[in-house]
Amino acid sequence: PLVTASPTLTPGSTAATQPALDPTPQREEPTPSPTAAPPTATPTLEPLGPFAECPVDDSQAVTPGGPLHVLLFNELGAWRWSDETQTTGPVPLPPDARSPLPSPDGDRFAYTLQPEEGVVELWVMDGDGANRRQLATVSIADYLADSPEYVSDAVLSFHWLVDRELMAFYITPILSAMGDVPQEPVTIANATSGESWSLAMEGDVDELIHHPEGAQFAALSDDRVQIIDTLSGARLLDVSLSLHNYWYSAAFTPSGDRLVIFTEEGVAVIDTGSGEVQSANLEYSPIGMGHYAFMPPVHWLRDGQSFVTLIASGDDATDVLAPNAEFTVWRVDTQSATVEELHTYRGALPSVRIAPDAQYIAFWSQRLDNVRTLYLANLASGEQVAYERLHRLEFLDWHPDSTRFTYWQFPERVPILGHLCQPPVALGDLSIPFAGAIYWLGPERFIAVEGVNRGEVSGPWQVRLRSLDGENMLLHTVEGAAPQVRFGP
């Protein structure tokens, strides 16, 4: 099966668990910076270097077995490349199909057609183009006619639920100004039978997340959480909770037996079977960052029942990005609903990236002249090192093995490969713009999406198969938005 890999994302990405159900692409922006000003004195600089002792590398990198198959797709089409044929060919979509989305196993595609202005149809087909079936017809024009004036347009959003059978779809508004628009009704469709049904959400819902295996949805409002069964659409639980209006941080446990959500008082843990609620006191404030708010993240540990989260020492963007900003790492146990303070670090909270195994974090601290120092910290011992110092440094992401990572210097955007216990090395002639990405195939090989993304100019994008020893093969060139990548045997 194809692997839905977590790529090395561009600046602004976070370690999300179950994000709001909205696959509409968003333009990535670099982490905001405080207003630059000349330093009043030359600061004392810490020595740079990696950790003296290396952790055991129990690599979590996905290494496909057998011949490599790569699937590329964006709003204009989809393409397959095979290690066996060394060629790239288009997926046989209808000529006017848009926004193709492969199922998790890559054997089916969902896509949209627009038979007339203001009307969108949702279709599915097999990977070879056979068994085309229309699932829904949605009138965007009717929706806009009944929407507030700050809703300038809307799109049909759709999402596969784990397997190749079930899909969720709904209308997503596009706002021309700040406004409060609730989650639109969600319909579940069976791609094989064509049968569809609605989720029984009551009242205005601000955000919707789904169970890791797609079995349940959680509908979040400022005063309640509704748990809804996917297969029937029926509401299973309706729990009253005081949540922060509009901005939420919530996630199902990996097994789906509990839902954790940050409330006004701390963290609530909801048993998704019985509806029992346990609470843990943890003081925090949402951090306003322009048009969004930074909420404490949920990053699951290997036991699947506890997670680490981050709490800022300040309560606004100026505080959390200042040179003397601090944040604290906490561990939350969902079985006992208890919290444990781990360590406090001096750095910018929005810059923190947690390694896949949650043993290390990376973050930067910025001086007033926009020079940033990249720090690495061991969450078990609290030990930290200053690894690199560059003007406008941006951390990209961790390698799946949790010992290596990539970062760059803005605006050059040439990725550098770092290591917990080794000095950094440049990744050759590779240049990744804001919408590009690196997908690791294993410890050494990766797929890079390279191109241009400046304002209204996007692409063309080159998708290349690369390795740390110099392999560099062009797989395909794609117009339009930066393509997403899946790979597997």
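**Exercise 1. Locate Gln86 in this predicted model, and state which backbone angle and which degree of exposure go with its place in the chain.**

Step 1. Gln86 belongs to the loop that runs between β2 (77-82) and β3 (88-90).

Step 2. The phi angle of Gln86 is positive, at about 60°, although the residue is not a glycine.

Step 3. With a relative accessible area of 40%, Gln86 is partly exposed, because the buried class ends under 20% and the exposed class starts over 50%.

Step 4. The two strands that flank this loop, β2 and β3, pair with each other in the antiparallel sense over three bridges, and Trp79 stands opposite Pro90 in β3.

**Exercise 2. Carry out the analysis for Arg392, and decide whether this residue is buried or exposed.**

Step 1. Arg392 is placed in the loop between β29 (384-391) and β30 (393-398).

Step 2. Its phi is near 55°, which is again a positive value in a residue other than glycine.

Step 3. The relative accessible area of Arg392 is 18%, and the residue is therefore buried, given that the limit for this class is under 20%.

**Exercise 3. Describe the open sheet that contains β3, giving the strand order and the strands at its edges.**

Step 1. The sheet has four strands in the order β3-β2-β1-β40, and their pairing is antiparallel.

Step 2. β3 and β40 (484-488) stand at the edges with a single partner strand each, so that one side of each has no neighbour in the sheet.

Step 3. When direction is ignored, neighbouring strands of this sheet are turned by 20° against each other on average.

**Exercise 4. Work out how strand β17 is enclosed and which strands pair with it.**

Step 1. Strand β17 covers residues 258-262, and five of its five residues are buried, so the strand is largely enclosed by the rest of the structure.

Step 2. Arg258, Val260 and Phe262 point one way from β17, while Leu259 and Ile261 point the other way, and all of them are buried. In a regular strand the side chains alternate between the two faces of the sheet.

Step 3. On one pairing, strand β16 (residues 250-252) meets β17 in the antiparallel sense over three bridges, with Ala250 opposite Ile261 in β17. These two strands form a hairpin with five residues between them, and Gly256 in the turn has a positive phi of about 85°.

Step 4. On another pairing, β17 and strand β18 (residues 266-271) are antiparallel over five bridges, and Phe262 stands opposite Val267 in β18. The hairpin that joins β17 to β18 runs through three residues.

**Exercise 5. Examine the salt bridges, and establish for selected pairs how their residues are placed and how accessible they are.**

Step 1. The count for the model comes to 16 salt bridges, where the distance criterion is a nitrogen within 4 Å of a carboxyl oxygen.

Step 2. Arg224 and Asp238 meet through their side chains in a salt bridge of 2.3 Å, N to O. The pair links distant parts of the chain, with Arg224 in strand β14 (residues 224-229) and Asp238 in strand β15 (residues 235-240), 14 residues apart. Arg224 counts as buried at 16% relative accessibility, whereas Asp238 counts as partly exposed at 39%.

Step 3. Arg224 and Asp238 also belong to a network of salt bridges in which Glu202 and Arg235 are linked with them.

Step 4. In the salt bridge between Asp303 and Arg331, the closest N and O atoms are 3.8 Å apart. Asp303 lies in the loop between β22 (299-300) and β23 (306-312) and Arg331 in strand β24 (residues 326-333), so this pair ties together parts that are 28 residues apart in sequence. Both count as partly exposed, Asp303 at 45% relative accessibility and Arg331 at 24%.

Step 5. Arg404 and Asp401 form a salt bridge with their closest N and O atoms 3.0 Å apart. Arg404 counts as buried at 10% relative accessibility, and Asp401 is buried with a relative accessible area of 3%.

**Exercise 6. Characterise the chain as a whole and identify its nonpolar cores.**

Step 1. The chain has two helices and 40 strands, and 53% of its 489 residues count as buried.

Step 2. The largest nonpolar core has 41 residues, and those with the most contacts inside it are Phe327, Ile361, Leu376, Trp398 and Tyr407. Strand β27 (residues 360-366) gives the most to this core, namely five residues.

Step 3. A second, separate core of 31 residues includes Leu71, Val91, Val138 and Ala191.

Definitions and conventions. Residues numbered from 1 in each chain as written. Predicted model: local features only at pLDDT ≥ 70, side-chain atom pairs only at ≥ 80, totals over all residues. Heavy atoms only, no water. Buried < 20%, exposed > 50% of the residue type's maximum accessible area, 1.4 Å probe, protein only. Core = buried A, V, L, I, M, F, W, Y, C linked by side-chain atoms within 4.5 Å. Pairing = 2+ DSSP bridges. Axes fitted to C-alpha atoms, helices over the stretch in contact; angles between N-to-C directions.
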